[in-house]
Amino acid sequence: MKKLLFIFIMALLCSVAAAQTGGIKATVVSRAGRTAISGVKVSLRQGVVTVADVNTDAEGRFQFDNLPDGSYSLELSSPDFTGTQVNVIVEKGLMRDLMMVTLSPAQQLSDFDESNFTEFDLSDSGYSDAPTILYSANDVFNNIAGYGFSAIRFKNRGYDASSQDVYLAGVYMNDALTGNTPFSLWTGLNEAMRAKDTTVGLESSDFGVGGYNGLTNILAVPSSVRKGWRFSVLSNSALYRLRLMGTYSSGELDNGWSYAFNVSARLGGNDWVKGVYYRSFAFYGGVEKKFGTGHRLALFAFATPGQRGAQNASTQEVYDLMGDNFYNSNWGYQNGKVRNARVRKTFEPVVGLKYSFTPNDDFSANAAVVVRTGKNGYTALDWYDAPDPRPDYYRNLPSFAYMSDDDYERYDSEKAEWMKYAWTQSGSSFDNYKHINWDRLYNVNYNSAGGRSKYVVEERHVDQNEISFAGNFKWMIDRNITLLGGLDAKWNRTENYKVIDDLLGGKYYVNVDQFAERDFASDPIKIQNDLDYYLAHGEAQKLQKGDKYGYDYYAFVQKYDGWLNGSFTSGYFKANLAGKAGYDCFWREGLVRKGLFPDNSLGKSAVKGFFTYTAKASAEYDLLGGHRFALNAGYFNEAPTFTQGFVSPRTRNTLTENLTTKKTFAADFTYQFTNSGYNLRATAFFTDIKDQSDVMSFYDDSQHSFTNFAMTGLGQRHLGVEIGAKAPLPVNGLSVSAALSLGRYVYTGTPHMVQTVDNSAETVRDEDVPYWSSHPIYKIAGYDAYNKPIYDQDAQGNYIITGYQQHFVTSTPQLASEIALNYRGNDYLFIEVNGQYFSNSYLDMNPLYRTTFACSGPDGVLTPAEVENMASQERFSPTFLLNASVGKSWQLAGRKYNLGFSLEAKNLLNNLCVKTGGYEQTRLISSSGRDRYYRFDSKYFYMTGINYMLNIYFKF
Amino acid sequence: MRKFNRVFAASLLLFVSCQSLKEEFEPVFTGEYEQPAAYKKVTMTPTHTIAQLAATYKVGSPYTVQTPMVISGIVSTDDQPGNFYKSFYIQDETGGIEIKIGKNGLYNDYLPGQRIYVDCSDLAIGMYGYKSGNYGGMGMVQVGFRDLSGEYETSYLVAPLLIDSHVFRGEIEGKLTPEVVSFSQLPNGKTATQATNRNVGRLVTLKGLKYADETFVLLYLDSNKNKKLSSNRIFISDGTWGITTWAMSKAKMTEYLKSGIWDNISVGNAGDYNYGKVGDDKYKGDGSYPGIEKAAYSVSQYFRMYDGSSYKEIQIRTSGYSKFADKQIPADVLDGSRSIDVTGILTLYQGSIQFIVNSADDFCYSDTGKSIYAQ
């Protein structure tokens, strides 16, 4: 504290006591170790004109003298450090002493792909999943949380991933249908996409007003790619074996041209999850030309073609049988080779054109168009009138034959032993019981009458075509007032369909709806996926590889908005007011006529439109010495997504009832201190979200039917603090950093659901979901002989409620923390050891289990035991993790070449019991007395055990 | 220090690359997969005929086979049209027997016409459908697994390893030709079993059946609730109640219900009609009988096989989940003006003949020999 105070006073003195001629001086130091950096090139520019160039001396010092009053910018560049830019105003002929300008070593440890999260398969759950927090601004908390917390699937402030706005060259890029972050579009292009502007929380940026979970703008233009050649080889044991990457950037040439390219390949499997593999490539190329006075035009294109095998969640019973929490049920042996049934195959090229105009220091404007197209497929097994081929299908598990609780009516302990034996024996003759039995699937097809395949591999496509436009300007009206504004437009047409990927030894597959056939077996019209084909040909289509089948529709989404952002600066005070208004709309266009819904499946649906708006205000006060206080608040009225808008988009045009905009109020308060290697940010935040919607489809045992479940009125409230701090230690080069995110994120309100039968559109339930955000706690009178609670009743026979158990927002630790010890030497060596602690993580909840009918059972009588069993929420155990990393680089041939490596080892304690997510199944089991339901077991994903990542790079 | 750093880094590098390289020897295969070979056909030597196996069973005494016992037979049923479910029958020259596998879509793995060997050791042999007393009689001897719940004499095998280590696939010999069974060859349900009458459990054709103007269906108000409760049951019997199909899909059942022709049927078991009538539920809510579950139901249609003026009742039982459930029985069959020849598995249930067809093609007009559904 003493030291902090000293620095604070020193800073005050320095800014006042300057009686020299106008000028700028500073010492350049390394960010971590505060060691002076010599030989850094410092360019002084006024507007676009370079006034002077100097190099720092041996003590890292530089100085510019005899400068007239005005705004200047300093550009610092060094081959070993990430360059930076500092804006300085020289007034009243004074010498501005910036004290220390810090540079970060260019050798980034965190050389990971943001979208390289294991592809989890949550298709059964109705939920989609996305990577966690994804920016790493110049901020201790974000540096730690953005990378260090990613393995545990931490979500920043508990927010859904779709709340994070991602821009590319100034154009909003979040998925038009789901709102999810689009990082998979440029995964593997780390170098080309490294340069980015980020804001935190509620802050606005130059590219848009933003939401409440930060905004990241990836520059993507060639001039932003680090100059020179750079090659790297990366190996890791948690995801894929090998990554090869090459990058070149020309930097800005004398003739105003710059160009860059970046290519990579990611190949192989990993040590932990069998069947997960990468065979992905990535290409980026761009050219840029500076011309005239302040004009820049950039054209870039990239794509990441490839495929990767996905992982599937299983129940704990399966993991225990296998003795492996990383068991993946998606693969099996085919002729002795591992084959994964679930492979993501993508080729989604993106082309962007960006024009910037900076006529003078006070005004700049940008306009950009980004086009994305291509194919995105995801394979899966499909089967017709044949046994479920999944090895961990619940009927293949011991628990299906035997449960110790008689109420399940599962008495077959001997059959359970047979099943257990098959799961637990090793040897190739048992592989077909633990993994997909491809040989059998082929043999069934070989023997099928007429060569009709009973098992096929399908490929589900979500093929997007999108054109987005963004125009924005920044106008510094005077020294106090800056105005930003822009217009955005997005048109998206996404075709959803599936094709036959592999007939698995058969000759054809038939395009009929087997779920419709369950109810309408004798009605040839109703079972048709493509009724018009049937009517024209007299039979359903016999499908060949590549033929579309099942469903085929366009999702159309359009978004328009305009925004303004005014900031007022006076001295050390800054205030900001921003607003955005827009219109979002979507509709469906069916491309086939479905037998079940001949009048409501082909052609256009109604257009659903929503007016959207955002209002934001902020105030910021910077105190001398590196203190900053900021208060942000915002209100957001956002449109629901296409996926929330349709009850069953695969079959019909029916819109979700009572669909409305999502309303969010958010506020945060930040204190930040940055000085002399000390760095602290503490933010308190509050967010209240109302009127969210969700749609899912699942088989409902109580209805004996596949149903659609549309929920409205979902609410969430997030309250918490995030703190990041970094401080140098007395030993030179040693520093300690820490991050803490502590929140209480809860569900609020009572959502409403409408449940319809998928085959008939008949509404079977239209009621509230009373146990979604909490469930009652009943008074317990005692325990019976089986140690089951006996619940107390009042004189009228009613159970006594003593309180309510709150349900928490799922799929992120609500407490996440890290403390790290860093060493950064002047000889380009760094070492880091960190410990992490996570807790208060909850399993994703299935709303079916929170309905009255699921909790009251087939007899319709609600009892405390049923509510407790059905509605309660699973909390994961807390986790401690230890990680370490080391890196070093060498200058070769007189600084001409640079060779370096970084090695990171994660989960050093090899903790194999860390649940990172999963979901509850939607199935119900009736009790022996038909008086209650039991749950199916939940499915989980685990974090991998000890793993390494080694990156070796060479640049010049 | 500097030197140490170098050595440390180099050794780490070496270690990690060796590990990587070693694992790289097993690269992930992403090319075209070769098609697997066809399964090898098994050949075994049976120790028992089906009749011999059935003869080891004593009524009321299901048992687990402890001695070597292998039977062999050709698959005579097909669960594709949906009238058989979770099991198949095999037959040899001496009789036919149901193998209770417990999986869906069995015809994919055990083809109609395929030779099957069943190693019965450690499996259970028991009877389904036996009833004592004057109105009872024999049921069917089956091969399955011990039923630890005690509800039936045998249970389904279910466990994949249990199935694969006891049920083996041989050559595909071709679909069976049914033998015609005459009136005198019909089993006497009081005494006959697969051990004593070779037609029981086999695929046979019965000729000249005439409609008996009688159906039997058991509906449940809510199948999620206890199905044995009288208050949960509706018997549709003693007459046809307008039912003119082999069975009823969910849609058909709903259609019958809404037509109102069942409104006067009482809810409850015989002698316990204390739960009102079907029609009582009609006017609750929107008039769609909200209290009665709409589901697919099995239907028994009764026919008679004549020998002069005497006859035997033949119950043709069809599942509501079969793909031909809703097919109309032709009017000339229903009004008795034409008789039919039917091919199926001849089974016994409580001493009565229950005849189970594989598909709608198994019904032919006696006079023409052509399918009643021929175009």
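Reader: Let's start small. In strand β12(A), which residue is the bridge partner of A:Thr199?

Author: A:Leu215 is the one that pairs with A:Thr199. Bear in mind that we're looking at a predicted model. As for the general idea, strands of a sheet pair through backbone hydrogen bonds, in either the parallel or the antiparallel sense. Here β11(A) and β12(A), the latter covering residues 215-218, run antiparallel and are joined by four bridges.

Reader: And what sheet order do those strands belong to?

Author: Read across, the order is β10-β9-β12-β11 in chain A, an open sheet of four strands with mixed pairing. β10 (171-172) and β11 (196-199) of chain A are at the edges; each has a single partner strand, so one side of each lacks a neighbour in the sheet.

Reader: Where else in chain A can I practise on an open sheet?

Author: Try the three-stranded one, ordered β20-β53-β50 in chain A, where the pairing is antiparallel. The edge strands are β20 (314-315) and β50 (915-919) of chain A, and each of them has a single partner, so one of its sides is left free of a sheet neighbour. Strand β53(A), residues 939-942, is linked to β50(A) by four bridges. To check the register, find A:Lys915 and look for A:Tyr942 in β53(A) as its bridge partner.

Reader: How do I read a hairpin? Take β31(A) and β32(A): how many bridges join them?

Author: There are 18 bridges between β31 (residues 548-570) and β32 (residues 573-590) of chain A, running antiparallel. A:Gly566 finds its bridge partner in A:Leu577 of β32(A). The turn has two residues between the strands, and A:Gly571 there has a positive phi near 60 degrees. While you're tracing the side chains, remember that in a regular strand they alternate between the two faces of the sheet.

Reader: Which strand is joined to β32(A) by 14 bridges?

Author: That's β34 of chain A, residues 608-623, in the antiparallel sense. One pair to look up there is A:Phe573 with A:Tyr621. β32(A) also has two bridges to β33 (residues 603-604) of chain A, again antiparallel, with A:Gly590 partnered by A:Gly603.

Reader: Which residue takes the positive phi in the hairpin of β16(A) and β17(A)?

Author: A:Gly292, near 55 degrees, in a hairpin with three residues between the strands. Nine bridges hold the antiparallel pair of β16 (residues 278-291) and β17 (residues 295-303) of chain A, and A:Phe283 sits opposite A:Ala303. β17(A) pairs with β24 (residues 350-360) of chain A too, antiparallel over eight bridges; there, A:Phe300 faces A:Gly352.

Reader: On to helices. Which residues of α5(A) are buried?

Author: A useful idea beforehand: an α-helix has 3.6 residues a turn, so residues three or four places apart point the same way. In α5(A), the buried ones are A:Lys415, A:Ala416, A:Trp418, A:Met419, A:Ala422 and A:Trp423. They span an arc of only 155 degrees around the axis, so they lie on the same side of α5(A). This buried set packs against α3 (316-322), α4 (398-401) and α6 (428-434) of chain A, and also against α3 of chain B. As a geometry check, α5(A) has 12 residues (413-424) and reaches 16 Å from first to last C-alpha, close to the 16 Å expected.

Reader: How many of the residues of α7(A) are buried?

Author: Seven of its 10 residues (438-447), so that helix is mostly covered. Among them are A:Trp438, A:Leu441 and A:Tyr442. Their packing partners are β21 (331-334), β22 (337-340) and β27 (455-476) of chain A.

Reader: Is A:Asn658 buried or exposed?

Author: Exposed, because 12 other C-beta atoms lie within 10 Å. A:Asn658 is in the loop between α10 (642-645) and β36 (662-675) of chain A.

Reader: How many residues does each chain bring to the contact?

Author: 49 come from chain B and 54 from chain A. On the chain B side, α1(B) gives the most, with eight residues. By type, that side of chain B divides into 23 nonpolar, 14 polar and 12 charged residues.

Reader: And which residues touch the most other members of the largest nonpolar core?

Author: B:Phe88, B:Ile97 and B:Ala159, out of 105 residues. Strand β14(B), residues 340-349, gives the most to this core, with six residues. Leaving aside residues up to four places away in sequence, B:Phe88 touches several residues, including B:Val75, B:Ile99 and B:Tyr110. A second, separate core has 33 residues, A:Tyr172 and A:Ala260 among them.

Key. Residues numbered from 1 in each chain as written. Chains lettered and ligands numbered in written order. Predicted model: local features only at pLDDT ≥ 70, side-chain atom pairs only at ≥ 80, totals over all residues. Pairing = 2+ DSSP bridges. Contact = placed C-beta atoms within 7 Å. Nonpolar A, V, L, I, M, F, W, Y, C, P; charged D, E, K, R; others polar. Core = buried A, V, L, I, M, F, W, Y, C linked by C-beta atoms within 7 Å. Buried ≥ 20, exposed ≤ 12 C-beta atoms within 10 Å, placed from the backbone. Expected span 1.5 Å × (residues − 1). Arc of directions from axis to C-beta.
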